[in-house]
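Visitor: I should like to understand the terms used for this structure. Please set each one against its definition.

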Amino acid sequence: MGLVKSVDRKEITRGIELERALKAQLNMISSRSYFPKYKVEEILYRDFAYSLYRIKNRFTVPEGLVKFTPSSASKCKRELFYKAIRAKQDEQQNYPYNNRWTRNATAVHGAVQRDLLYSPHLLENPSFTLQSIEKEQFGRLPAWEKNIEDYKVITHNGVTFVVSGMMDGILKYEKDGSTVGFEFKTKSSDNQQVHHMRKAKAEHIQQCTAYSILFGIDEFILTYECVPKDKWVAGASAYEDIKTFYVKVTERQRTSLLNKFAEVAAMVETGELPDKQTSKCLFCPYKTICLQSTSTEVSTKSSTEPSTRGV
Ligand code: SF4
């Protein structure tokens, strides 16, 4: 018991250290104003060229297997099932402001990744630097997004499936050279959302668990930024707009998520419908078919075309 407690304490201390270090780094970068630097912009230029290349050369995963992605890790099992069999989704009505909401959040994503890439060129000794990956004719590119997109074929509990995806960034903690996953989330409803956060959201921790399975990383920092800010004149008393939360993924969390994926993949094969999880219905695009469903078995004929069965 004593050993467990001291291990926990060590983990908490490290978590606080990493959270503070990344938040301080992001704040230091944001307190600077600077001209673009050739070295960094040249990397971003090649990164963009690779993105263009990827539009015409799409990433593929092995066919014939149910596919799960990290962002779907926390979804209702029945929703994962419907996605896997390519069930008809509800019509979604997005208003123009909804799409601008998404567009703005995406732009902030790009901006914070750029800040991380600029860190060693603007700060004396940044705590974190972005790792890089060799991409043939594009040279070394930042370890983020499509540059690190990958898949893993996994057999768990006798069922084979694919976990596939990419993440916001893979960092190096300069103090000890350890690898830390960077996951960035925006909040856009009001300017106090992040200020009031006390911990990372459970679904985002599950997403990190899936990354851990896919990329073999145990430590993550979930960073939240509020897109709407406090009043310009609020100064030092402004609501906090950035928070960082350390996540250490455990073997138990990985096994639990693999159990879930294996269960859904097995049910896709048998056609047995998973139970409802009504606490997760709000953003589910399968409400209509789910409501109409009276049987616990459905036809999964279309699931024999798995290359497009991504979840
Ligand atoms: S509507 Fe609710 S219960 Fe049905 S699949 Fe979606 S999340 Fe699950």
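The conversation below takes up a helix, a sheet and the strand S9.

Guide: This is a predicted model, in which local features need pLDDT of at least 70, side-chain atom pairs count only at pLDDT 80 or more, and totals for chains, interfaces and linings use all residues. Residues are numbered from 1 along each chain as its sequence is written.

Visitor: How do you know that the span of helix H6 agrees with its number of residues?

Guide: Helices (H or I, at least four residues) and strands (E, at least two) are DSSP runs, numbered from the N terminus. The expected span of a helix is 1.5 Å times one less than its number of residues. For the 20 residues of H6 (residues 251-270) this gives 28 Å, and the end C-alpha atoms are 29 Å apart, which agrees. H6 is followed by Gly271, whose phi is positive, near 85°.

Visitor: What makes S9 largely enclosed by the rest of the structure?

Guide: A residue is buried if 20 or more other C-beta atoms lie within 10 Å of its own, exposed if 12 or fewer, and partly exposed in between, with C-beta atoms placed from the backbone. In S9, 8 of the 8 residues are buried, so the strand is largely enclosed. Glu219, Ile221, Thr223 and Glu225 point one way, whereas Phe220, Leu222, Tyr224 and Cys226 point the other way. In a regular strand the side chains alternate between the two faces of the sheet.

Visitor: Why are S2 and S10 called edge strands?

Guide: Two strands pair if DSSP finds at least two bridges between them. The open sheet of 5 strands has the order S2-S7-S8-S9-S10, with mixed pairing. Strand S2 (128-130) and strand S10 (242-248) each pair on one side only.

Visitor: How do you know that S9 pairs with S8 and with S10?

Guide: S8 and S9 run parallel and are joined by 7 bridges; the requirement is at least two. Phe220 in S9 is the bridge partner of Gly181. S9 and S10 pair in the antiparallel sense, also over 7 bridges, and Thr223 stands opposite Thr244 in S10.

Visitor: What makes the unit of S8, H5 and S9 right-handed?

Guide: A crossover is right-handed if, with the strands pointing away from the viewer, the path from the first strand over the helix to the second runs clockwise. S8, H5 and S9 make a β-α-β unit that is right-handed, so under this definition the path runs clockwise.
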